[in-house]
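Visitor: I am new to this structure. Please take me through one loop slowly, and then show me what else is worth locating.

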Amino acid sequence: MNIIEIAPLDNGAHRNQNGGLSYVPAGWAAIRGNEELENFPFGSFEVEYVDGVPYMVEGSWIPGEMPEPEPIPEPEPTADEIINAMLGVNA
Amino acid sequence: MQDRIPVNPGRVLITPENDSPAYYATMIRADNPTQEGTPLNKASLLKDTTAALFGLGADALPDDALATIKTLIDAERAHADTKAQIAVGKYTGTGKFGSSNKNTLAFDFAPKVVIIVKQGAEPNSTVVFIQGATGAMPSKSSAGDSSVCWLTWSGNSVTWYATAGAEAQFNDSIVHNYVVIG
């Protein structure tokens, strides 16, 4: 089953999963078919309930803007690097 | 199971309701069937050889055989539940990372091993989560030890995050394929 979290993250993306789960968790919706969704998972969509199960309304996907990748933080210095810095030794 | 073995086949005792003396008669079906049909007897319901296949004796009834079948089905079902299960799937990363933006994959069974491979990355980076482990190191990473994926296992799901970026968390905005074994 192809599922998508209904609430977007702060960057407009939706958590999603396709395979390994046969039910729709709370807060998620099922996606019918194999329609290619532009800029997936960045976008918005409408939800409809069929027999109590939430589904993404077909054709309701509005592609969002794909943000630039978030900057990767500088890695923490290793213990050796800290000691070398304290000793004034260049690695 | 045993067939009835009459000394006088078809013989019945008729007792009139008007107090007349009872008398014997021989009853023969005279309905002119277009098809004789299958007789209800030992040969059609439960032969000794069939009963033996279930470990039952010659005196077993069809109901005993049905009960044995149900027991065997239950045992096989319990055994099947102990066999390894496998599922495959994919997700597209959201570009987020860190402990406040964890990834979660949920399954129909408790995962023991989850293998995630980035689709299209060259060479493909892979990470293997093993049930009970608190962390996993991707096969290819430019961020060194800080690219560890920190794991939380709960029932039928696994949750993880990394602090070294969305790529290290296997949550960059590309398709990630996974195989789960439970």
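**A loop in chain A, and its surroundings**

Guide: A:Asn39 sits in the loop between strand 3 and strand 4 of chain A; helices (H or I, at least four residues) and strands (E, at least two) are DSSP runs numbered from the N terminus. This is a predicted model, in which local features need pLDDT of at least 70 and side-chain atom pairs count only at pLDDT 80 or more, while totals for chains, interfaces and linings use all residues. Residues are numbered from 1 along each chain as its sequence is written, chains are lettered from A and ligands numbered from 1 in the order in which they are written, and side-chain values use heavy atoms, with hydrogens and water left out.

Although A:Asn39 is not a glycine, its phi is positive, about 60°. The residue has a relative accessibility of 26% and counts as partly exposed; the scale is buried under 20% relative accessible area, exposed over 50%, and partly exposed in between, with a 1.4 Å probe and protein chains only. The loop also holds A:Pro41, and the peptide bond from A:Phe40 to A:Pro41 is cis, with omega near 5°.

A:Arg32 belongs to this loop as well, between strand 3 (28-30) and strand 4 (43-44) of chain A. A:Arg32 forms a salt bridge with A:Glu48, and the closest N and O atoms are 2.9 Å apart; a salt bridge here is a side-chain nitrogen of Lys or Arg within 4 Å of a carboxyl oxygen of Asp or Glu. The pair links distant parts of the chain, 16 residues apart, with A:Glu48 placed in strand 5 (residues 47-50) of chain A. Both ends of the bridge are partly exposed: A:Arg32 has a relative accessible area of 26%, and A:Glu48 has 29%.

From strand 5, the chain enters the loop between strand 5 and strand 6 (53-56) of chain A, where A:Asp51 lies. A:Asp51 is another residue with a positive phi, about 50°, although it is not a glycine. A:Asp51 is exposed, with a relative accessible area of 81%.

Farther along chain A is helix 1 (residues 79-87), which contains A:Leu87. This helix is hardly covered, and the count of buried residues among its nine residues is zero. A:Leu87 itself is exposed at 63% relative accessible area. Together with A:Ile82, A:Ile83, A:Met86 and A:Val89, A:Leu87 makes a nonpolar surface patch of about 520 Å². After the helix comes A:Gly88, whose phi is positive, near 75°.

Chain B supplies the residues with the most contacts inside the largest nonpolar core, a group of 21 residues: B:Leu105, B:Val114, B:Ile116, B:Phe129, B:Val158 and B:Trp160. A nonpolar core is a set of buried Ala, Val, Leu, Ile, Met, Phe, Trp, Tyr and Cys residues joined through side-chain atoms within 4.5 Å. At least two core residues come from each of strand 3 (86-92), strand 5 (113-118), strand 6 (126-130), strand 8 (149-154), strand 9 (157-161) and strand 10 (175-181) of chain B. Strand 8 of chain B gives the largest share, three residues. A second, separate core of eight residues leads back to the starting loop, and its members include A:Ile4, A:Phe40, A:Phe45 and A:Trp61.

Within chain B, residues that B:Phe129 touches include B:Ala136, B:Cys149, B:Leu151, B:Trp153, B:Val158 and B:Trp160, leaving aside residues up to four places away in sequence; contact means heavy atoms within 4.5 Å. B:Ala136 stands opposite B:Cys149 in strand 8 of chain B. Strand 7 and strand 8 of chain B pair in the antiparallel sense over two bridges; strands count as paired if DSSP finds at least two bridges between them. They belong to an open sheet of four strands in chain B, ordered 4-9-8-7, with antiparallel pairing. Its edge strands, strand 4 (103-106) and strand 7 (135-136) of chain B, each pair on one side only.

The bridge in the starting loop also has counterparts, and a search of the whole structure finds seven salt bridges over all chains. One of them joins B:Lys70 to B:Asp74, the closest N and O atoms being 2.8 Å apart. These two residues are separated by about one helical turn because they are four residues apart in helix 3 (residues 62-81) of chain B. B:Lys70 is partly exposed at 47%, and B:Asp74 is partly exposed at 32%.

Notes. Patch = residues over 30% accessible without salt bridge, like charges linked within 9 Å, V, L, I, M, F, W, Y side chains within 5 Å. Areas by Shrake-Rupley, 256 points an atom, 1.4 Å probe, with all protein chains shown as cover.
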